[in-house]
Amino acid sequence: MRKIAVFIVSFLFFAGLLKAADIEFTVSAPKVVDASEQFAVTFSLNAKPGKNIIFPKFNDFVILGGPSQSSSSSISIINNKVTQSVTYAYTFYLQPQKAGTFSISSAVAEVDGKVYTSRQFTIEVVGSGGAAAQQRPQQGADKSTQAVTTAEGDELFLKVLVDKSSVYAGEKITATIKIYSRVAIAGSEEEKYPSFAGFFKQDLPTPQLRQLERENVNGEIWYSGVLKRMVLYPQKNGDIYIDPVEMQLVINRVVQSARQRSIWDEFFDSGPSYQQERKRIKSRPVKIQVRPLPANAPESFNGAVGDFTLIATADKLQVKANDAVTLHFTIKGKGNLKLIEAPKINFSPDFEVYDPKTTENIDENTGGSTGSRTFEYVIIPRHSGNYTIPATEFSFFNPQSGKYVSLLSKKFDLVVARGDGESTAVVSTASRDNVTYIGKDIRFIKTKTNGLYRIGSDFYGSLWYVLSLIFIVAVTAIAIILGRKTIRENANLAVVRNKRANKMAIRRLKVAKQHLDANERDRFYDEVLKALWGYIGDKLNIPTSDLSRQSAFDKLQLYGIDDSILQNISQLIDNCEYQRYAPGSDDSQMTEVYKQTVSVITTLDQKLKK
Amino acid sequence: MKYKLLFILSMVILPFVAHANASMEKANRLYTEGNYTEALQEYKILFDAGYHSASVYYNTGNAYFKLNRLPEALLYFEKAALLAPGDDEVNYNLKMVQSLTGDKTEEIPVFFLKRWVMTWVHLMSLDAWAWTSVILFLLTAGFLLLFLFANTLSLKRIALYLTVVMLIFSISAVVSAQARYRLMYLNKGVVVMVSNVTAKSSPAESGRDLFVIHEGTRADAIDQVGEWCEIRLLDGNKGWIKADDIAWIRLTKQTK
């Protein structure tokens, strides 16, 4: 009694501190029920309703009970802020009459003069109803006492759902991996996803699975939830399989009590008791038929599948040489955007082109990749002139139409003015084009060690060289001089004779000596006389016809020969003549005569030296 | 008399030459074993001692090449080519290094007369020209004497003609020798040795930048002011660069 009083007092006390929250009138009901199932529909209002609430008519259902009313309130004080929330709940217990989908209209409530309605909703009723129908897993089942482990597929399975199973290569497929269960799941211990070989996969953001929801599968009610969502682009032709997904789960199995349930047990039953069990489940592989793209692909086709548009822009079209120009190529649309490569643009060789930069703005949703991919080209013209960046083609395959589509960007006319004088690149940097020699090696060293000589010791320019030239000149000069002299002297016969004189005299004396040795008296004296007269005649250049003792001696005197010598000569000649022509033989004097002759000639030679 | 002296001189020099030969053999052996740096040191010893030959320059170039010092390799191959312009191996290696280093410039085609003269001058080595000139001079003298002292008129005429011809030949031989000499010792050719250098319009840092050239580029040094050199590239462009950045091809007693 007192408790209730306290409750009412505190309730009223805080009534003044009531902070009005947004008023909501909600309804909660299962989406799918079995035909034989009894279920509850609850209407909740978070404020005290004014008058009576008008509830919808549950025409297709049997109202087992209700509305039963309950209310709850809670107070929270956070940061000196007091918030009170209150809930008024009205619950109906229903049972379906037949199978089908039925809609329930909204309920109407009034709070402080304002009218609030709950939402309209549908309930799907499946099954035939009747006795041996499935119960909700949470309730105790009146089956056999032992817990039966039914086959996997009957209470727990994984399913991979695809929106399309026959596509073109590169066409997007959305895959959803769901888990279906008719038992209570405590948790998962292992999740193994396949490799998706043959696909390019993009995971879609999926909220973490918290609660399983009811779903009608072939006339049966299952509790299902989405584990993962992804977009797949097949990269191969032919049949590709999505390999099974594996999971290991822990389930709570309802344990039947061994003994018979009495009325008391039912009354005091706090619910069924559970036992944990491990189960391993695997999805079935899913076959995807991938059709190859048709053969007549345009040249610029590079694997883009979907539906796109192309926009090309250039940041400036009038530049100076060596200024950078930026081109943007944007491909916008839906499809395998991430796999699209930069289109190849045919730039003039006078441009220095840098590798294009890619930026993307892609939104992954179940519609596939939507968004845009932009390629940025930076080019630098190195010379002045008028250039054209040609229109560039981008092709893609539209799976919807089954045709290839080619888009053409517009062309750009670029005017490049002469750059500033600074950068006169007269010579290009290294790295020559002539690659012929790379791979070969240089020839080996020369191993002969001869040929070494001192630097500067060349013959040319050396002293010897100059000397040898001078030598030649000198020798030639001397030769000329001497030669001239000889000629001159040869021209003078007299000199010739003079020179000859000695020669002749010597020769004759030699012969005389021979005769002397051979004791040929006559011949000896002959020869001696010849030598004497010959010498005098040659030396004095007296012609033989004029040659006499008188002429000879006259000339000798002219040359300053003493009389005494002349007398000697005279005597010698007389002696020789006498010996020559006189009879008898006196050989003893021959040697003496010879000696005298030699002495005379020698003396004359000395005296007559010019 | 001259030959006796020469003989004595050579006897004095011979021991030194033998020593030099041994040094070169050692260097070659080091090269064959792959010790290129040590081989270079041996070659340097030869240069410092004042010895050189086309083979030594060529081998030095090879050693530098193996050590991947391409500008030096180019320099020494060019030096070798000064002494042995017709040598196949020298020319092959020279072409190979030229293709791997230096800037590619359009070469101005050489005036055809100049080309002929160059071919003529390179027909013989320097000393061969010198000896040739001596012999021709001797012949000139001989024919002169013949002319002066011949007895018959016809002989005199032939001798006069031959004298003049021989004189011309001997003079051209001397001139060729001189040209060869200048090419070897007074060559203007240079090789850029630093990785890159900017040529300016005047011999000062403040000069305007004209062009950039890189190591291994061949040029001719046509003027020098202080520490700056005016160079002319093979395509005719001229500019001033620091003398420290280049190396001369001409043969000198000093080694780099």
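Q: Buried means under 20% relative accessible area, exposed means over 50%, and partly exposed is what falls in between (1.4 Å probe, protein chains only). Why is A:K446 called buried?

A: Its relative accessible area is 15%, and that is under the 20% limit, so A:K446 counts as buried. A word on the basis: this is a predicted model, where local features need pLDDT of at least 70 and side-chain atom pairs need 80 or more, while totals for chains, interfaces and linings use all residues. Residues are numbered from 1 along each chain as written, chains are lettered from A and ligands numbered from 1 in written order, and side-chain values use heavy atoms, without hydrogens or water.

Q: What makes A:K446 and B:E89 a salt bridge?

A: The term asks for a side-chain nitrogen of Lys or Arg within 4 Å of a carboxyl oxygen of Asp or Glu. Here the N to O distance is 2.9 Å, so the pair passes. The count between chain B and chain A is two such bridges, and the structure holds 32 over all chains.

Q: Why is B:E89 called partly exposed?

A: B:E89 has a relative accessible area of 26%. That sits between 20% and 50%, so the label is partly exposed.

Q: How do you know that A:E213 and A:K31 form a salt bridge?

A: Their closest N and O atoms are 3.2 Å apart, so the pair is within the 4 Å limit. The two residues are 182 apart along the chain: A:E213 is in strand β15 and A:K31 in the loop between β1 and β2. (Helices are DSSP runs of H or I, at least four residues, and strands are runs of E, at least two, numbered from the N terminus.)

Q: What makes A:S118 buried and A:R119 partly exposed?

A: A:S118 has 3% relative accessibility, so it falls under 20% and counts as buried. A:R119 has 48%, so it lands between the two limits. Both lie in the loop between β8 and β9 of chain A: A:S118 and A:R119.

Q: Why does the side chain of A:R119 count as being in polar contact with the backbone oxygen of A:V27?

A: A polar contact is a pair of N or O atoms within 3.5 Å; within protein, one must be able to donate a hydrogen and the other to accept it, and residues adjacent in sequence count only if both atoms are side-chain atoms. The A:R119 side chain reaches that oxygen at 3.2 Å, so the distance fits. As for A:S118, a polar atom of its side chain lies 2.9 Å from the backbone nitrogen of A:A107.

Q: What does the interface between chain B and chain A amount to in buried area?

A: Buried area is the accessible area (1.4 Å probe) that two parts lose on being put together, summed over both. For this pair it is about 5300 Å², with carbon and sulfur atoms giving 66%. B:Y92, B:K104 and B:F149 supply 12% of what chain B buries there, more than any other three residues.

Q: How do you know that β31 of chain A and β1(B) pair?

A: Two strands pair if DSSP finds at least two bridges between them. These strands run antiparallel over two bridges, so they meet the rule. A:R454 has B:Y51 as its bridge partner in β1(B).
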